[in-house]
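Hi everyone, thanks for coming. Let me put the structure on the screen, and then we can walk through some side-chain pairs and the place where the chains meet.

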Amino acid sequence: MTAILPESTTPTPAVDLEAVSKSYRRGDEIVHVLDHFSFTVASGDFIALMAPSGSGKSTLLNLIGGLDHPDQGRIRVAGTELAGLRESALTRWRSRNIGFIFQLYYLIPVLSAARNVELPLLLQPLSRAERAKRVEAALTLTGLPNERHHFRPPELSGGQQQRVAIARAIVTDPPLLLCDEPTGDLDRAAGNEILELLKTLNERLHKTILMVTHDPHAAELAHRVVHLEKGLVGELRAA
Amino acid sequence: MPTLFRFYPLVFAALRRHRVRTLLTIASVMMAFLLFGLLMALSHAFYGGVKTANRRTLITMSSMSFIESLPRADAAEIASIPGVAKVAYEVWIGAYYQHQSQILFALAVSPKRWLAQRTRQLSLPTTERTAWLGDRRGALVGSSVARRYHWKIGEIIPIRSNIWVHPNGTNTWPVKLDGIFHSKSRTLEQVVILHYRYWNGGVNKPNVIGMLRIEVHHLSELTAVAHRIDTRFANSPYPTRTSSARTFMKNFIDQTVDIGLIVQDILIAVFFTMLLVTANTLARSVRERSSEIAILRTQGYSRRLIFALILAEALVVVLTGGILGTLLAALLVEGLHTFLAEFLPTLRLTTGAELKGLGLMILFACASALLPVYQIQRLKTADALRGG
Ligand SMILES: Nc1ncnc2c1ncn2[C@@H]1O[C@H](COP(=O)(O)OP(=O)(O)O)[C@@H](O)[C@H]1O
Ligand SMILES: [Mg+2]
């Protein structure tokens with residue numbers, strides 16, 4: 001926990017990036033994906049980030065989730081400075097603070113929906129009964145029909161699989177959800193349902209959501225849409 | 001840190017992904033340990049006696065060859081050599097019962113000394129013991145032989161020799177069965193014991209012995225006494241070679257066939273192949289699951305925990321295959337033993353061999369998990385999830 005400074009009147013932002021740079025080496029050339037990029041997400045916000053392919057959206061989410069490290073700059077999530085955490089502490093921090101949702105769901109195909117959702121809970125000192133209760137609650141919240149809770153992913157539709165993935169992301173009750181094109185693999189109807197679900201999570205459970213998307217419907221639901229044309233360069237605080 | 005056991009669905013999920021592949025891997029491990037069990041039993045059949053041989057015992061034989069005999073008078077002479085406690089002698093009769101195919105492990109011995117050297121290994125009723133000691137034409141047999149030929153106490157058994165004959169050319173020594181003993185030693189369970197005096201009285205070339213068993217007073221003097229014996233007879237017409245009972249048995253086996261080396265070569269080849277198969281299967285399965293492993297990392301699974309899960313996966317495969325293979329080997333060895341008891345009396349899968357197998361299983365599981373551990377160490381979570 002960071003100390004509350006006397007002059008700070010606004011609550012700690014959910015995400016705060018300060019002059020973050022990240023580049024990759026591709027053969028001989030160096031690709032600057034993020035260049036002194038600054039960005040803030042307030043707690044409880046629902047942001048849709050729209051940008052062309054290859055502009056560094058996934059890189060940004062990975063940095064915020066601590067899956068990757070910046071070359072320069074500071075990343076603070078809910079007041080925690082990520083650079084200050086060692087690998088093991090970062091892993092533990094991630095299990096309590098971040099829920100990831102991906103375009104391709106990444107469910108384990110031979111495990112039932114409930115078993116998939118249970119996986120993050122296995123890391124916590126909970127009894128089997130307590131885990132089952134939380135899994136049921138998360139799956140019910142996402143609107144997956146009860147009788148499908150024990151289906152395996154290949155027996156579910158794309159929209160239902162994404163619901164399971166969302167249940168898995170929220171089952172540990174993390175304050176921040178990072179969504180990387182969550183509707184990218186779904187048809188319009190299913191995609192809209194997923195967006196509505198995310199909105200519900202934002203409004204009812206006060207989850208802060210940072211969502212990368214190409215979906216035009218996202219604009220109508222999010223509090224704020226951030227458009228990026230040419231890569232994530234420079235100041236974005238006032239977008 | 002929660003107990004590893006609660007993660008079992010993940011371990012079994014990994015194994016269920018490609019059931020056929022998992023079963024084939026288990027089968028290959030099973031074959032390797034089946035072979036391991038059989039070879040260990042075979043090795044025990046050849047070398048098992050070596051370890052049980054009395055450490056204070058020396059064996060003296062003709063230095064010319066195994067089949068050459070020595071004069072019986074040597075026994076008395078050896079008894080007078082300093083350091084020697086007891087001397088027993090015996091001769092191999094090369095016997096059979098009824099048919100040449102029904103081989104008997106028959107020895108003519110000095111009865112009191114033979115029994116004295118084996119009191120702890122034999123269980124024999126006192127009445128039978130006394131009866132046999134007092135009956136020159138009596139025989140003592142292991143219960144295993146008695147059972148095989150349905151011999152009863154008091155029965156007269158015509159023992160015939162492939163090597164020795166009476167002065168009239170016949171080769172039958174009828175004996176009366178005086179006692180049946182039990183022994184933990186499967187070798188002893190197979191023997192037929194005659195009085196040396198009875199055999200010697202009927203043979204055309206009397207007063208020869210096959211070998212001497214000498215007990216020394218002090219274990220520390222074993223080699224010195226052996227040397228004294230061989231020096232004493234070095235210039236006689238019947239030079240001797242004396243070695244410890246253990247060395248003797250081992251040399252005897254190694255001269256026949258170097259089982260140890262064959263077993264070792266086969267096992268190295270088999271285990272190397274098995275290791276390649278399991279390590280490759282595991283590495284392939286980890287590669288195919290890289291996004292699943294990455295998603296666990298996003299949920300807060302540490303690398304170390306994921307290593308532990310992969311190791312558990314390897315252990316399940318290797319232990320399942322290994323234990324099945326060992327059980328199968330144990331069954332087969334038991335079955336074979338009933339047929340081969342005459343030739344390989346100590347064919348047995350020992351607890352020691354089974355434990356060695358278990359140790360190997362754990363070692364191989366760890367070894368086959370090494371490559372996947374390296375893969376996971378290199379796996380970049382962010383890259384593995386850049387599918388879209
Ligand atoms: N591990 C990597 N090595 C090299 N280049 C990478 C790596 N990860 C991403 N990139 C490059 O960085 C750029 C941004 O990638 P990404 O963050 O996935 O963009 P987006 O999600 O906006 O499509 C792309 O040009 C991509 O090829
Ligand atoms: Mg992307």
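So, B:Arg213 counts as partly exposed, at 21% relative accessibility. Please keep in mind that what you see is a predicted model. The cut-off for buried is under 20%, so at 21% B:Arg213 falls in the partly exposed class. What does its side chain meet? B:Arg213 forms a salt bridge with B:Glu90, with N to O at 3.3 Å. B:Glu90 sits in strand 3 (residues 84-92) of chain B and B:Arg213 in strand 12 (residues 211-216), so this pair ties together parts 123 residues apart in sequence. B:Glu90 itself is buried, its relative accessible area being 7%.

Let's stay with salt bridges for a moment. How many are there over all chains? Searching the whole structure gives 21 salt bridges. One of them is between the side chains of B:Glu292 and B:Arg17, at 2.4 Å, N to O. Here B:Glu292 belongs to helix 11 of chain B, while B:Arg17 is in the loop between helix 1 and helix 2 (19-52), so parts 275 residues apart in sequence are tied together. B:Glu292 is buried at 11% relative accessible area, whereas B:Arg17 is partly exposed at 28%.

Next, please look at B:Glu313 and B:Arg289, a salt bridge whose closest N and O atoms are 3.1 Å apart. B:Glu313 is in helix 12 of chain B, and B:Arg289 is in the loop between helix 10 (259-288) and helix 11, with the two positions 24 residues apart in sequence. Are these two buried or exposed? Both B:Glu313 and B:Arg289 are buried. Over in chain A, salt bridges with shared partners join A:Asp16, A:Glu18 and A:Arg76 into one network.

A quick stop at a smaller detail: B:Ser244, in strand 13 (residues 240-244) of chain B. B:Ser244 is buried, with 17% relative accessible area. Its side chain makes a polar contact of 2.7 Å with the side chain of B:Thr247. Leaving aside residues up to four places away in sequence, B:Ser244 touches B:Thr57, B:Leu58 and B:Leu222.

Now for the interface. Chain B brings 28 residues into contact with 31 residues of chain A. The buried area between the two chains is about 2500 Å², and carbon and sulfur atoms give 59% of that. Which residues of chain B lose the most area to chain A? They are B:Arg6, B:Thr298 and B:Gln299, together 22% of what that side buries.

On the polar side, the count between chain B and chain A is 2 salt bridges. One of these joins the side chains of B:Arg297 and A:Glu87 at 2.6 Å, N to O. There are also 9 residue pairs in polar contact across this interface. Helix 1 (8-16), helix 11 (290-298), helix 12 (303-340) and helix 14 (381-384) of chain B each supply at least two residues to the side touching chain A. Helix 11 gives the largest share, 6 residues. By class, this side of chain B has 13 nonpolar, 8 polar and 7 charged residues.

And finally, helix 11 from the other side. In helix 2 (residues 87-97) of chain A, the buried residues include A:Leu90, A:Trp93 and A:Arg94. What covers the buried residues of that helix? The cover includes helix 1 (57-64) and strand 4 (72-77) of chain A, among others, together with helix 11 of chain B.

Notes: Residues numbered from 1 in each chain as written. Chains lettered and ligands numbered in written order. Predicted model: local features only at pLDDT ≥ 70, side-chain atom pairs only at ≥ 80, totals over all residues. Heavy atoms only, no water. Contact = heavy atoms within 4.5 Å. Buried area = accessible area lost by both parts, 1.4 Å probe. Salt bridge = Lys/Arg side-chain N within 4 Å of Asp/Glu carboxyl O. Polar contact = N/O pair within 3.5 Å; in protein donor to acceptor, adjacent residues only side chain to side chain. Helix = DSSP H or I, 4+ residues; strand = E, 2+ residues; numbered from the N terminus. Nonpolar A, V, L, I, M, F, W, Y, C, P; charged D, E, K, R; others polar. Buried < 20%, exposed > 50% of the residue type's maximum accessible area, 1.4 Å probe, protein only.
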